[in-house]
Amino acid sequence: MLLRALIPIFILVATSQAVPAQSTGVKFFEEKIRPVLVEHCYECHSSESGKTRGGLKVDSRDALLRGGDTGPAIVAKSLSKSVLFQSLLYVDDADYQMPPKGRLPDSVIDDFRRWILMGAPDPRVTKVSPKVETEIDIEKGRQFWAYQPLKKVSPPVSENSDWARTSIDRFVVASLDEQGLSPANDATSRILIRRLFFTITGLPPAPNEMMDWSEKLNRATSETARQNAISELVDELLASPRYGERWGRHWLDVARFAESTGGDQNNIFQHAWRYRDYVIDVFNEDKPFDQFVREQIAGDLLPIENDFEWANNVIATGFLAVGAKVVGEEDQQKFFADLVDEQIDTTTRAFLATSVACARCHDHKFDAIPQEDYYALAGIFRSTTTHYGLIKAQARQSTTLLDLTDLGPSPGAPTLSPEELAALIKARDDARRTVEEAMQKIRSGENVFRGTLRRIRSERDETEAALQAYQENGEPRVFAMGTQDRDFPLPTRLLLRGEIDKPAQQVAPGVLQVLSPPRRSSFSSKVRGSGRVELSEWIASADNPLTARVIANRVWYWMFGRGIVRTVDDFGQAGDAPTHPELLDYLATRLIENGWSIKSIIREIAMTRTWQMSSDFNEQNFEIDPDNRFLWRASKRRLEAEVVRDAMLAVSGLLDLKRPLGTYLGSVGEGGVGQNIFEPVIRAISTNTRSVYLPRVRNVLPEMLEIFDAPDASLVTGTRETTSSPLQSLYLMNNEFVQRQAGALSHRVSEQPANDRTGFAYLLIIGREPTDSELQLATTFMNRIADSAHDGNQKLTAFCQALLCTAEFSSID
């Protein structure tokens, strides 16, 4: 059922240190085998040459056993499994024939046969460095605020506690009192309604929704009745499928989700979309966050009740597979080490807001994380295979995907007709034949340009992959990116200065010492498999002092635009201290008490007077707290790129709320950007669905998202930058997408009576009625255009586009 990837099984590169010959086998190697390897192979496959063609090195015993892209080069006593030996034979149908300059004499090949059958003795062994000791005081490190156990705190009482409506308000107003600050007035109904819609669903309220909810809030006869109405609106928005698309996008930033590898070749991930849809569904169903953690780290290993649940859990582990990768890396062991490093960095930053990857080469410079802790985590991920796909002829570091056909998940493509299936088979057969003909020419002594050979092999693999995506009856197969445990855990050694060829002491799999009881950070020897289950349980535990704090702080950031800890991805010494530490612990505790429900904490925050404040300016407050760190008012903030685009589509009436089938990148095929897939083709993809479903190719974001500061997804991104540039203004004024929305929007406005059009346009686009001066300006604007050559529709379109260009449209108050 599962396809397994050929990932290197060792991370150590042996030094070419010879030892005295102690057996006939070693003597045979030194006399018959090593000289041939040096003369014919080291040029392209050794550390000394700096080349690792096909991911293979032959200058050490470990390197031969580890092998390259096609698996172990040498398997002791097995000629059929030894890829190096098979390549020496120059058989007709072999893809690899070594050395490339010509077949070795039969006597040399026979020497290799004898050597392998005697067990492939090889004296080139690994030199282990002395044990690396740490100078970090772990016990002292445990005193840092972020590593302290969560405290059960009660809301404080202060002079202005009467202002507070909720426990959260009491924490906030107590800090305001300490700083000599006074809270702003409550936001108006319209501002609050618009704020709720954008914050929870990422879409603006329709005019009828704005009017209905405004009327309901304004006719409330008491503050209690008004809060009940707001609570009803919050619940309605949280129950909307649009909520999962909005908040799922938040998490996809953290999970550095993208649909390509990035790096040197930037190959397309055709199946990353399944993880995206999984995340959206998780938020919509309000899956407990601790379970969300477990599934993303170890979903494939968790107990299940049926095949569909297992398939869904496997898709969740796409979290570990969608990261950036340098798939053109020749050195397979370096690629593997970097893959593990990326997984460690993402896992610890996303869930713990801790930069453990900084301890890869040495002890962490700021936090109490010794280098040994990094390799304890590396042992877990080194014992895991990561499946992300790609075609071998297009990416040196390709793997298989996980086959979930018939296990429940829906396919991402339509069923093929018999004619379409036959065309795929013919294309595959033709491509195979072309490669076979080229290989025959090479064997007969003819020259075949290497670029040509690479191209036709790529075409062969593309057609093969396209055919394998369907069953014999034409129904699509279901593939996913994700992880599986290796058959056997790999031993892991600490690497001196992080250098692969300088291994030191062996390190047992485990977690961070500073977050664990003394001498309990290493996993028991009874742990089966990689240890990912134990890692996920440790992170998801209510006893872990970071996990609940970190996600509570992220939710606060997504609600307010800044976190209680402003460095939301760094809770370490180099990060900021919390402005309201007791409030952070209160929120984290409440999250756990409410079954790790994200919706519950959103609801609790939205119902606070703090969140419902206006953004009114107060000069005295500003002099004391110009950055609004203590929340004396609501902070105006610009909407994210995706939300601005979605809002344009919503007000124009063109927004398609249907979830697309699969990925829009299916049409561009397999391959690397700039090789056989080109940026204009990706950028030309046009759709009116929500922006969360747009193609997310690293370094090739949709233009609007790129201009308005969407992250490129190379790293965990808990906070987005907000820039202001002339390009943004030029885009809003001149881009075809914006003009198209303005045209559709003007058509909606034109359906209103002439005297109501300006008011309707303001209500639809900005969520409020225009002021008298704005009405006058609109009239003047239309009259000026009336003197031009524009017809009536063009005038109204220009007016609507002008409103779309306003800062008020693209921000929330």
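1. In which helix does Ile-765 lie? In this predicted model, Ile-765 belongs to helix α28, which runs over residues 757-765. Because its relative accessible area is 1%, and the cut-off for a buried residue is under 20%, Ile-765 counts as buried. Once its neighbours within four places in sequence are set aside, Ile-765 is in contact with Arg-194, Val-651, Leu-745, Cys-800, Leu-803, Leu-804 and Phe-809. A further relation along the chain concerns Thr-806, which is 41 residues away from Ile-765 in sequence, while the two C-alpha atoms are 9.9 Å apart in space.

2. Ser-810 is placed in the loop that joins α30 (792-804) to β10 (811-812). With a relative accessible area of 13%, Ser-810 is buried, although a loop is where it sits. Leaving out residues within four places in sequence, the contacts of Ser-810 are Arg-638, Leu-639 and Val-644. Arg-638 appears again among the residues closest to the centre of the second largest pocket, taken up under point 4.

3. Helix α19 covers residues 547-560, and its length can be checked against expectation: at 1.5 Å a residue, its 14 residues should span 20 Å, and the end C-alpha atoms are indeed 20 Å apart, so the two values agree. As for its surroundings, 14 of the 14 residues of α19 are buried, and the helix is therefore largely enclosed by the rest of the structure. The residue that follows α19 is Gly-561, which has a positive phi, near 95°.

4. The second largest pocket holds about 650 Å³ of space. Its lining is made up of 35 residues, and those closest to the centre are Tyr-557, Arg-637, Arg-638, Glu-640 and Arg-720. The elements contributing two or more residues to this lining are α10 (241-254), α19, β9 (637-638) and α23 (641-652), and the largest share, 6 residues, is that of α10. Sorted by class, the lining of the second largest pocket comprises 16 charged, 10 nonpolar and 9 polar residues.

5. Enclosed space should be considered separately from the pocket. The structure contains 7 cavities of 30 Å³ or more, and the largest cavity has about 130 Å³ of space. Of the 13 residues that line the largest cavity, Met-559, Phe-560, Ala-634, Ser-635 and Arg-637 lie nearest its centre. Arg-637 is also one of the residues closest to the centre of the second largest pocket. By class, the lining of the largest cavity consists of 6 nonpolar, 4 charged and 3 polar residues.

6. Glu-342 is a charged residue in helix α14, which spans residues 332-352. Is Glu-342 buried or exposed? Its relative accessible area is 13%, and because buried means under 20%, Glu-342 is classed as buried. The side chain of Glu-342 is joined to that of Arg-256 by a polar contact of 2.7 Å. When neighbours within four places in sequence are left aside, Glu-342 is in contact with Arg-256, Gly-323 and Ala-324.

7. Helix α21 (residues 598-606) is mostly covered, since 8 of its 9 residues are buried. Those buried residues are Ile-598, Lys-599, Ser-600, Ile-601, Ile-602, Glu-604, Ile-605 and Ala-606, a list that takes in Lys-599 and Glu-604 along with several isoleucines. At the N-terminal end, α21 is capped by Ser-597, which has a side-chain oxygen 3.5 Å from the backbone nitrogen of Lys-599.

8. Helix α13 (residues 307-316) has Trp-310, Ala-311, Asn-313, Val-314, Ile-315 and Ala-316 as its buried residues. These pack against two helices, α11 (273-285) and α12 (289-298), and against the strands β4 (402-403), β5 (479-480) and β6 (482-485). An N-terminal cap is present on α13 as well: Asn-306 places a side-chain oxygen 3.2 Å from the backbone nitrogen of Phe-308.

9. Ala-76 is found in the loop between α2 (61-66) and α3 (83-88). Where buried means under 20% and exposed over 50%, Ala-76 falls in between, so its relative accessible area of 41% makes it partly exposed. Not counting residues up to four places away in sequence, Ala-76 touches Ile-116 and Gly-119. The C-alpha atoms of Ala-76 and Pro-121 are separated by 8.4 Å, although these residues stand 45 residues apart along the chain.

Notes. Residues are numbered from 1 along each chain as its sequence is written. This is a predicted model: local features need pLDDT of at least 70, side-chain atom pairs count only at pLDDT 80 or more; totals for chains, interfaces and linings use all residues. Side-chain values use heavy atoms; hydrogens and water are left out. Helices (H or I, at least four residues) and strands (E, at least two) are DSSP runs, numbered from the N terminus. Buried means under 20% relative accessible area, exposed over 50%, partly exposed in between (1.4 Å probe, protein chains only). Contact means heavy atoms within 4.5 Å. The expected span of a helix is 1.5 Å times one less than its number of residues. A polar contact is a pair of N or O atoms within 3.5 Å; within protein, one must be able to donate a hydrogen and the other to accept it, and residues adjacent in sequence count only if both atoms are side-chain atoms. On a 1 Å grid over the protein atoms alone, a cavity is a set of points where a 1.4 Å probe fits but cannot get out, and a pocket is an open set with protein on both sides within 12 Å along at least five of seven lines; lining residues have an atom within 4 Å of a point. Grid points are joined across faces, edges and corners, and a volume is the space filled by probe spheres set on the points.
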